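Visitor: Please choose one part of this model and take me through it closely, at whatever length it needs. I would like to see how that part is built and how it sits among its surroundings.

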Amino acid sequence: MKIALTVNGRPAALDVAPRTTLADCLRHALGLTGTHLACEHGVCGACTIIVDGAAVRGCLTLAVQADGAEVTTVEGLAGDGDLTPLQEAFRRHHALQCGFCTAGILTTLHALLSENPDVEADEIREVLSGNICRCTGYIPIVEAALEARAAYRRASDPAP
Amino acid sequence: MNTPNTYIGGHVERVEDARFLRGAGRYIDDVTREGLLHACVVRSAVAHGRLLSIDAEEALAMPGVHAVLTAADVAGEIPTIPFRRPNPKIGPYAQPVIARDRVRYFGEPVALVVADSPELAEDAAELVLPEIEPLPAVVTRAASLAADPLLFPGTTEDNVAAVFTATRGDAEAAFAAAALVVGDSFSTQRQTALPLETRGLLAEWDADAQHLTMHGAAKLPFFNRRAMARMMDLPETSVDYVEHDVGGGFGARGEFYPEDFLVALAARTTGRPVKWVEDRREHFAAIAHAREAEAQVELALDASGRILGLRGEMFMNVGAYVRPNGMTPVRNCAQFMSGPYRVPNIALQATALVANKTPAGTFRGPGRYEGSFFIERLLDMAAAQLGLDRRTIREVNLLTNAEMPHPLAQIRPSDGSRAETSCDSGEYAEAFHRCLQAFDWEEKVRLDGRLIDGRYHGIAVSCFIEGGASGPAETARMRVAEDGGVEVYVGSSAIGQGLETVMAQIAADTLGLPMERIRVFHGSTTYLAEGWGSYGSRATVMGGNAVREAGLALLERFRALAAGRLGVGEGEVSVVGLQAVGPDGVVLELADIAAEGLASEAKFLNSDATYTNGTAAVHVAVDPETGRVEVLDYVVCDEVGRIVNALTLHGQVTGAAVQGFGSVFGEELPYGDDGALLVGTLADYLVPLATDYPRVRCLSLESYPSPTNPLGAKGAGEGGIIPVGGAVANAVASALRTFGVAPNHLPLSPARVWALLNPSE
């Protein structure tokens with residue numbers, strides 16, 4: 001089936017099999033391997049991507065469902081520029097070890113912080129509970145997210 | 001000469017983060033090749049049975065299916081996977097790379113389908129029909145001990161893969177002289193390490209060169225290369241294991257598994273590159289399990305709480321076969337149960353039982369987590385009976401630096417260099433006091449055992465040692481590149497722990513160069529003629545010291561070349577940061593002599609273990625209505641000899657502690673009576689989530705550098721998980737003291753805690 005979508009700001013036109021998931025489509029057809037698969041049944045959150053502003057599971061979304069959508073993957077967060085404040089905070093707080101869950105956690109938090117830059121630790125944890133990290137124990141991830149709030153606040157503030 | 005920079009011990013952010021944060025990491029499923037085929041493993045759905053036939057006709061007829069490999073496609077004897085720690089008894093229990101006439105666990109490979117795409121391979125695998133005549137499954141300790149039935153009839157006389165003894169002093173006399181003997185039965189449940197990235201391999205066979213390349217290495221590429229070369233009847237130099245980014249290891253990933261051979265065979269048979277990536281469901285049945293242990297153990301003490309002796313027996317259900325390091329948890333549990341304590345007399349026996357379950361291997365802190373749980377429970381039981389403070393009974397038994405080196409129990413049968421081992425350095429009470437201070441025991445103890453707002457509060461303290469620096473050696477090589485950067489090649493492998501950063505710190509400090517000029521390459525057999533890898537908390541100590549030695553050798557080589565160039569004696573040249581300064585103040589830059597090819601190599605030899613020691617304290621609240629336990633505070637303090645990178649060290653300790661909570665409260669791999677694994681998804685294997693354990697604090701000390709290595713470092717990647725079982729169970733016992741419960745069996749799921757409180761229901 002033919003679909004057309006925007007991925008990380010670039011248009012993409014593809015012909016996909018109906019059963020192809022959006023995660024597989026991004027990884028294999030578009031070569032965006034930053035999106036990872038770790039359970040393929042919607043539990044671990046590693047494949048989380050942002051579709052029309054919302055964090056969704058790439059493994060539970062069919063590619064054909066994304067026809068006409070705007071998709072952001074981990075590769076699109078910083079693009080070719082400097083790391084984003086959230087990514088920088090991850091590095092400062094050692095919020096990643098093996099890096100396998102990191103893409104899904106960054107996209108999840110990016111969607112959350114974009115929507116609510118004043119979010120508190122408890123809600124960050126609540127939202128993060130849809131992502132499994134086996135390395136860090138989550139504590140530094142929450143610290144990084146809390147620190148990154150300031151940058152999201154600035155970004156959402158209309159110029160004075 | 002002063003070292004001009006000190007990355008070691010400084011606040012150094014990780015170099016590998018930049019690519020991971022951008023999604024530019026390259027994990028095994030990201031690797032592809034022209035003409036790539038995809039494999040899917042057909043696994044036994046029967047735990048124990050006779051494999052009568054395999055009908056692959058329909059699968060083979062599917063367009064896009066290239067091969068269905070079974071035992072019949074393996075020339076000659078089916079190869080078995082070699083042991084990393086051989087002992088005389090375990091030979092018959094080695095795992096064949098594919099089942100031929102008998103299956104022994106749910107998930108055992110019986111065939112491999114190779115097709116144009118992973119989807120096609122999966123579709124075709126469903127059409128492969130193994131005919132299996134079921135046999136009764138051995139699931140429990142009793143059935144295994146009764147040899148009912150035998151798993152290897154005609155080959156072995158029982159289901160006992162090995163019996164290890166751990167001995168020291170005269171336990172019998174110690175128990176006869178004791179003022180108090182406490183003992184009980186304990187158990188820890190079967191679980192698995194669960195790295196977030198499932199396993200995967202990509203095999204390339206070059207028929208012209210007769211060379212096999214295996215992508216997807218982790219943990220120990222060099223051992224696996226040797227194993228593969230033997231099985232494939234190739235010289236070792238005709239096999240390479242190549243490491244890419246690795247999404248977590250924790251002991252289970254990177255061992256030689258049946259799939260290593262099968263995927264390689266598929267590439268060799270089809271002449272095309274073949275990739276296999278495990279899905280989560282098969283991961284649960286295929287990767288090594290761990291921790292299924294039962295123990296009956298006793299502690300003998302004098303009236304003041306000094307430990308006189310430790311004795312008893314343990315039974316570990318190691319699953320259907322003995323995997324490469326399947327005996328490690330068994331022997332470790334016996335050898336290290338005494339932990340950080342002075343236990344002069346020990347008589348422990350650990351029996352490895354085979355059963356129709358997934359074969360076991362290691363998971364972070366193998367055997368040590370189990371043994372720590374057993375002895376920490378015994379210590380609290382003894383303190384209660386002697387009327388001693390739970391701190392006192394630990395304090396009087398913790399080892400002092402004056403006693404170092406302190407020999408631990410001796411293991412028989414001997415299975416390598418660590419059959420005899422000694423604690424290396426440390427005043428173990430130091431981390432103990434620092435932990436209790438940070439935890440604020442004096443304040444929290446007021447809550448101990450009290451019912452507050454409907455929940456019982458309890459606190460507890462546990463102490464541990466962590467063995468590190470697995471021998472016998474590690475290798476490193478350095479080369480000055482044309483751009484003046486230094487390439488560092490090390491035999492250690494990266495499993496997500498920040499190896500590149502730590503090695504770059506050590507190399508930069510040794511050479512006196514900025515870290516930016518260091519490039520670290522690791523984990524692939526293509527880089528070094530021999531090497532070991534990353535397991536047993538060894539990379540920082542073994543790889544780090546190898547890098548240091550290679551750096552020192554590089555400096556010496558530079559000095560010699562500079563002296564030659566200047567026409568002076570080597571002693572007249574000083575070297576700082578790859579600048580050589582001659583007697584007249586003449587400075588030679590690296591670039592001046594780089595053309596002469598500056599390179600070095602080193603092999604760091606060390607068979608003495610390092611022993612990080614530490615203490616953990618925990619505060620829990622138990623809801624008697626639901627049995628749910630909440631961790632309100634957890635503090636762990638460890639003494640690691642030398643802190644190379646505080647960020648990654650604390651990352652290891654915190655992450656391990658939270659993994660430990662998963663072990664204590666939720667993660668379990670239950671089996672049905674028929675030997676069917678009852679877990680198949682992450683929705684029913686309950687790993688810690690972000691909402692579960694928000695309060696973990698850790699602090700680290702470096703008061704007693706290890707005398708075993710020039711860096712003074714001690715392995716510290718696993719210790720965080722070791723004390724968790726004992727600490728939490730003791731805190732629950734303390735919280736529920738008015739009920740007289742004995743939480744001696746893990747996991748402490750809400751249902752089990754509730755049952756402890758309601759024994760008659």
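Guide: Let us take chain A, in which buried residues make up 55% of the 160 residues. The model is a predicted one, and its scores are ipTM 0.97 and pTM 0.97.

The overall build of chain A comes first. Six helices and five strands are found in chain A, and, read from the N terminus, these elements follow one another as β-β-α-β-β-β-α-α-α-α-α. The radius of gyration of chain A is 15 Å, close to the 15 Å that the globule rule gives for 160 residues, so chain A is as compact as a globular protein of that length. Along its principal axes, the C-alpha trace of chain A spans about 45 × 40 × 25 Å. If one takes the contacts in chain A between residues at least 6 apart in sequence, 62% of them join residues at least 24 apart.

A division into domains gives a second view. The domain assignment splits chain A into domain 1, residues 2-77, and domain 2, residues 80-155, and the C-alpha centres of these two domains of chain A lie 20 Å apart. Where they touch, domain 1 of chain A contributes 16 residues and domain 2 of chain A contributes 14 residues. On the domain 1 side of this contact, β3, β4 and α2 of chain A each supply at least two residues, and the largest share, three residues, comes from β3(A). By residue class, the side of domain 1 of chain A that touches domain 2 of chain A holds ten nonpolar and six polar residues, with no charged ones.

Two of the strands just named deserve a closer look. Strand β3 of chain A, residues 48-51, pairs with strand β4 of chain A, residues 54-57, in the antiparallel sense and over four bridges. Within this pair, Thr48(A) stands opposite Arg57(A) in β4(A). Together β3(A) and β4(A) form a hairpin with two residues between them, and in that turn Asp52(A) has a positive phi of about 50 degrees.

Further along the chain, Asn116(A) has its place in the loop between α4 and α5 of chain A. Asn116(A) counts as partly exposed because it has 15 C-beta neighbours inside 10 Å. From C-alpha to C-alpha, Asn116(A) is 24 Å from Thr35(A) in space, while the two are 81 residues apart in sequence.

From here we can turn to the partner, chain B. The contact between the two chains takes 39 residues from chain A and 43 residues from chain B. On the chain A side, the elements that give two or more residues are α2 (74-78), α3 (85-92), α4 (102-115), α5 (121-128) and α6 (139-156), with the largest share, four residues, coming from α3(A). The residues on this side of chain A divide into 20 nonpolar, twelve polar and seven charged. The helix α2(A) thus appears in both accounts, since it supplies at least two residues to the side of domain 1 of chain A that touches domain 2 of chain A, and two or more to the side of chain A that touches chain B.

Chain B itself can be described in the terms already used for its partner. In chain B there are 19 helices and 32 strands, and the radius of gyration of chain B is 27 Å, close to the 27 Å that the globule rule gives for 761 residues, so chain B is as compact as a globular protein of that length. The C-alpha trace of chain B spans about 85 × 75 × 50 Å along its principal axes, and 60% of its 761 residues count as buried. Among contacts in chain B between residues at least 6 apart in sequence, 82% join residues at least 24 apart. The mean pLDDT of chain B is 96, and 99% of its residues reach 70 or more.

For chain B the domain assignment gives domain 1 (17-26 + 471-605), domain 2 (34-135 + 198-246 + 253-280) and domain 3 (289-469 + 608-757). Taken over C-alpha atoms, the centres of domain 2 and domain 3 of chain B are separated by 36 Å, and 22 residues of domain 2 of chain B are in contact with 24 residues of domain 3 of chain B. The side of domain 2 of chain B that touches domain 3 of chain B is made up of twelve nonpolar, four polar and six charged residues.

Methods:
Residues numbered from 1 in each chain as written. Chains lettered and ligands numbered in written order. Predicted model: local features only at pLDDT ≥ 70, side-chain atom pairs only at ≥ 80, totals over all residues. Contact = placed C-beta atoms within 7 Å. Nonpolar A, V, L, I, M, F, W, Y, C, P; charged D, E, K, R; others polar. Rg over C-alpha atoms; globule rule 2.2 N^0.38 Å. Buried ≥ 20, exposed ≤ 12 C-beta atoms within 10 Å, placed from the backbone. Domains from an automatic or database assignment. pLDDT = per-residue confidence, 0-100. Pairing = 2+ DSSP bridges.
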